[in-house]
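Student: I am new to this structure and would like a close look at a single part. Could you walk me through one pair of packed helices, and then show me what else is worth finding on the model?

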Amino acid sequence: MEDMKEKVAKAFKERFGQQGTTYASSGRINLIGEHTDYNGGFVFPGAIDKGIWAELAANGLEKCRVYSMDLDDYAEFGLKEEDAPSQGWARYVFGVCREIQKRGGKVEGFDAVFAGNVPLGAGLSSSAALESCFAFALNDMFNNNVISKFDLARIGQSTEHNYCGVNCGIMDQFASVFGRKGHLMRLDCRSMEYEYFPFDPKEYRLVLVDSRVKHELKDSPYNKRRESCERVASRLGMETLRDATMEQLDAIKGDISAEDYFRAKFVIEEKDRVLAVCDALEKGDYETVGKKMYETHRGLSKDYEVSCEELDFLNDIAKECGVTGSRIMGGGFGGCTINLVPDGLHDSFIAEAKARFNEKYGHEPMVYDVVISDGARKCE
Ligand code: GLA
């Protein structure tokens, strides 16, 4: 990705007349474990080779001057709470600065230019890539890297909560900060213990099929899903649904809404699926991994209701083509399916998915082969 580094460096020089330092961070995929993070459960993400590149330099002023190349938009803002910029994209950068300051960290005025290649609205977490890129950079530039990696992830998450209106879990920012080339990570979102899993399935490939239906998590049903889970957990006298069982849920079925029941059912089942997938991966049993992915899709579509017609259609095509596993990925309401595809089916599946989707919806989905890569970093 040298070209992205060069691209932001060149634009920075043109705009600010000097050279800065380049930092980058990544979008993410998630093999399994959806909507489990804010329920204290397990997730199984990895960083990908698509991300955000930013060139930064301290400017000795009391303000930040930031240019987004992709949007061709410029924002200037101070570092006090009342200085929040109006542009949505700039609030991610401002939020990161503020969250660092709130934790006692230092941020001084800086200039920045950034650009990315994470498809927006695809469920690949371009926003986490942006947050962790700036959090990493400001830690390096102004804080001697004393802010821990977990805090960098939390700074991104709090930015979403406090400045962007999304009450998200920790998965995306964790993956973006901790990502390691060739490895997926299993994170226990309650204890925050994590483990790297080398992921190099011979004979299979992970393929993303992007419906290009855009989702907007702000003010979206995402926060409502979380509220449902919290209501059920509190009804069960638990902090999260992490330890809840189907027996316990069934025992309170009459006291909660049908909607809340199905939301909680999905989360309880999904938690077990992540553990089953870990076992299967250790044995190299990709058939089981794939089967669980289909189960997750069904749950996300029917019980959690975060799918949409286009994604269900892509899931059906995968099944009909004999793809080993397929499911909607990320928060939902549009975006991608993630598919575990046997090598031999790769080309025919993609051709079939493109043709049939185009016939039905009038545009082809975008297709990306997943390359598991490093997360937040300084580009030397
Ligand atoms: C979004 C959120 C994550 C997570 C996923 C669903 O990506 O940012 O915290 O909840 O949805 O698994």
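Tutor: Here is a walk through one helix pair, followed by a second pair and the ligand site.

Please keep in mind that this is a predicted model. Let us begin with helix H9, which covers residues 286–303, and helix H10, which covers residues 309–321. Their axes lie 11 Å apart and meet at an angle of about 155 degrees. Because angles over 145 degrees count as roughly antiparallel, H9 is roughly antiparallel to H10. The crossing of these two helices is left-handed.

Now look at who touches whom. H9 brings Tyr294, His297 and Ser301 to the contact, while H10 brings Leu311, Asp312, Asn315, Ala318 and Lys319. Sorted by class, the residues in this contact of H9 with H10 are three nonpolar, three polar and two charged.

Asp312 is a good residue to pause on. It sits in helix H10, and its side chain forms a polar contact of 2.9 Å with the side chain of His297. If you set aside the neighbours within four places in sequence, Asp312 touches His297, Ser301 and Ser307. For a sense of scale, try finding Leu184: it is 128 residues from Asp312 along the chain, and the C-alpha atoms of the two are separated by 26 Å.

With that pair in mind, turn to helix H3 (residues 126–142) and helix H5 (residues 171–178). Here the axes are 9 Å apart and the packing angle is about 55 degrees, which makes H3 oblique to H5. This crossing is right-handed. On the H3 side the contact is made by Ala128, Ala129, Glu131 and Ser132, and on the H5 side by Asp172, Gln173, Ser176 and Val177. These residues divide into three nonpolar, three polar and two charged.

Asp172 of H5, which you have just met in that contact, also leads us to the ligand, since it is one of the residues surrounding it. Others around the ligand include Arg28, Asp37, Tyr38, Cys168, Gly169, Met171, Tyr222 and Gly330. Three further members of that surrounding group, Glu34, His35 and Gly331, are worth a closer look. An N or O atom in the side chain of Glu34 is 2.7 Å from an oxygen atom of the ligand. For His35, a backbone N or O atom lies 2.6 Å from a ligand oxygen. In Gly331, a polar backbone atom is 3.3 Å from an oxygen atom of the ligand.

How values were computed. Residues are numbered from 1 along each chain as its sequence is written. This is a predicted model: local features need pLDDT of at least 70, side-chain atom pairs count only at pLDDT 80 or more; totals for chains, interfaces and linings use all residues. Side-chain values use heavy atoms; hydrogens and water are left out. Axes are lines fitted to C-alpha atoms, for helices over the stretch in contact, and angles run from 0 to 180 degrees between N-to-C directions. Helices (H or I, at least four residues) and strands (E, at least two) are DSSP runs, numbered from the N terminus. Angles under 35 degrees count as roughly parallel, over 145 as roughly antiparallel, 65 to 115 as roughly perpendicular and the rest as oblique. A crossing is left-handed if the near helix is turned anticlockwise from the far one by less than a right angle, and right-handed if clockwise. Contact means heavy atoms within 4.5 Å. Ala, Val, Leu, Ile, Met, Phe, Trp, Tyr, Cys and Pro count as nonpolar, Asp, Glu, Lys and Arg as charged, and the others, Gly among them, as polar. A residue is near a molecule or strand if one of its heavy atoms lies within 4 Å of it. A polar contact is a pair of N or O atoms within 3.5 Å; within protein, one must be able to donate a hydrogen and the other to accept it, and residues adjacent in sequence count only if both atoms are side-chain atoms.
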